[in-house]
Each structure stands twice: as structure tokens, then as C-alpha cells.
Amino acid sequence: MSAAWLQSEVFFFTGIFFLLFSILFYYTKTYYLSRACNKCGKEFAYSETREPSIINRYASIATIISYHKCKYCGHEHEETINLVAASEIY
Ligand SMILES: [Zn+2]
């Protein structure tokens, strides 16, 4: 086991760690942003007003629209998520 090999291994795992951390941070951030009201800025203000709509635009892409309403100021907010079927990625 050479020192260079060990070093590349350390860099590899550090890289993986930072990648996972940034993904986690990204999702946590978008989660918090999506839950904070756009109008009054209060966190965890939105509650779903009705069942999300699922629109199949193409065979492999589904668009999900969820509807939220702020319980403090009544601001209504729509959230659009595009899901691409896994078979298209691989
Ligand atoms: Zn609000």
C-alpha cells in the first residue's frame, strides 16, 4: 500500500462526503424555502389545500403540481416538480 494510493483513497472519500453533503444541503434548503411563505416569510406556513395534480406530458416525464396555502396570511402557492422516468436516465 503506497502513500499515493492512500492519498487518492482519502480524496475519493472526501469527495463522496462533500457530494453527499451538498446534495443533502440542497434538498434541505429547497425544502425550507418551499415551506417558507413567499409573502409573509413565516416558515412551515404552507399546508396542502388539495391533492397534487399529476400531468403526464410525455411518456417519460411526469409533472406534479402541489397546491399550498399559507395558514398565516392565506397566500396560495403552487409547486411544480418534474419527474423523469428512471429508464430515461440509464
Ligand atoms: Zn404567508
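Here are some exercises on a predicted model, each with a worked solution.

**Exercise 1. Work out which helices and strands the protein has, and in what order they come.**

Start with the tally: the secondary structure comes to two helices and three strands. Next, walk along the sequence, and you'll meet them in the pattern α-β-β-β-α. The helix α1 covers 3–35, and helix α2 covers residues 86–89. As for the strands, β1 takes residues 46–56, β2 takes residues 61–70, and β3 takes 76–84.

**Exercise 2. Find out how confident the predictor is, and which elements have the lowest and highest mean pLDDT.**

Begin with the whole protein: the average pLDDT is 78, and 81% of the residues score at least 70. Then go element by element. Helix α2 has the lowest mean pLDDT, at 52, while β2 has the highest, at 85. Now for how to use that: where pLDDT is low, the predicted coordinates should not be read in detail.

**Exercise 3. Put the strands together into a sheet and say which ones sit at the edges.**

A bit of background helps here: strands of a sheet pair through backbone hydrogen bonds, either parallel or antiparallel. In this model, three strands make an open sheet in the order β1-β2-β3, and the pairing is antiparallel. The edge strands are β1 and β3, since each of them pairs on one side only. Going from one strand to the next, the twist averages 20 degrees.

Now take the two pairings one at a time. Between β1 and β2 there are eight bridges, and these two strands form a hairpin with four residues between them. Between β2 and β3 there are nine bridges. The hairpin of β2 and β3 has five residues between the strands, and G74 there takes a positive phi near 80 degrees.

**Exercise 4. Trace which residues face each other across the strands, starting from S47, E48 and I55.**

Step one: the bridge partner of S47 in β2 is K69. Step two: move on to E48, and the partner in β2 is H68. Step three: I55 stands opposite T63 in β2. Step four: go back to H68 and look towards β3, where H68 stands opposite H77. Put steps two and four together and you have H68 matched with E48 and with H77.

**Exercise 5. Decide whether I61 and A62 are buried, partly exposed or exposed, and list what they touch.**

First, place them: I61 lies in strand β2, and so does A62. Next, count neighbours. I61 has 13 other C-beta atoms within 10 Å, so I61 is partly exposed. A62 has 15 within 10 Å, so A62 is partly exposed too. The cut-off to keep in mind is that a residue needs 20 or more to be called buried.

Now for the contacts, leaving aside residues up to four places away in sequence. I61 touches N82 and V84. A62 is in contact with I54, I55, N56 and L83.

Finally, try some distances. I61 and V84 are 23 residues apart in sequence, yet 4.6 Å apart in space, C-alpha to C-alpha. The C-alpha atoms of A62 and V84 are separated by 6.5 Å, with the two residues 22 apart along the chain.

**Exercise 6. Pin down what is unusual about the backbone at F44, and say whether F44 is buried or exposed.**

Find F44 in the loop between α1 and β1. Its phi is positive, about 55 degrees, although F44 is not a glycine. Then count around F44: there are 10 other C-beta atoms within 10 Å, so F44 is exposed.

**Exercise 7. Judge how much of the protein is buried, and how many contacts span long stretches of sequence.**

Take burial first. Of the 90 residues, 4% count as buried. Strand β1 is hardly covered, with one buried residue among its eleven.

Then look at contacts between residues at least 6 apart in sequence. Of these, 36% join residues at least 24 apart.

Conventions: Residues numbered from 1 in each chain as written. Predicted model: local features only at pLDDT ≥ 70, side-chain atom pairs only at ≥ 80, totals over all residues. Buried ≥ 20, exposed ≤ 12 C-beta atoms within 10 Å, placed from the backbone. Pairing = 2+ DSSP bridges. Axes fitted to C-alpha atoms, helices over the stretch in contact; angles between N-to-C directions. Contact = placed C-beta atoms within 7 Å. pLDDT = per-residue confidence, 0-100.
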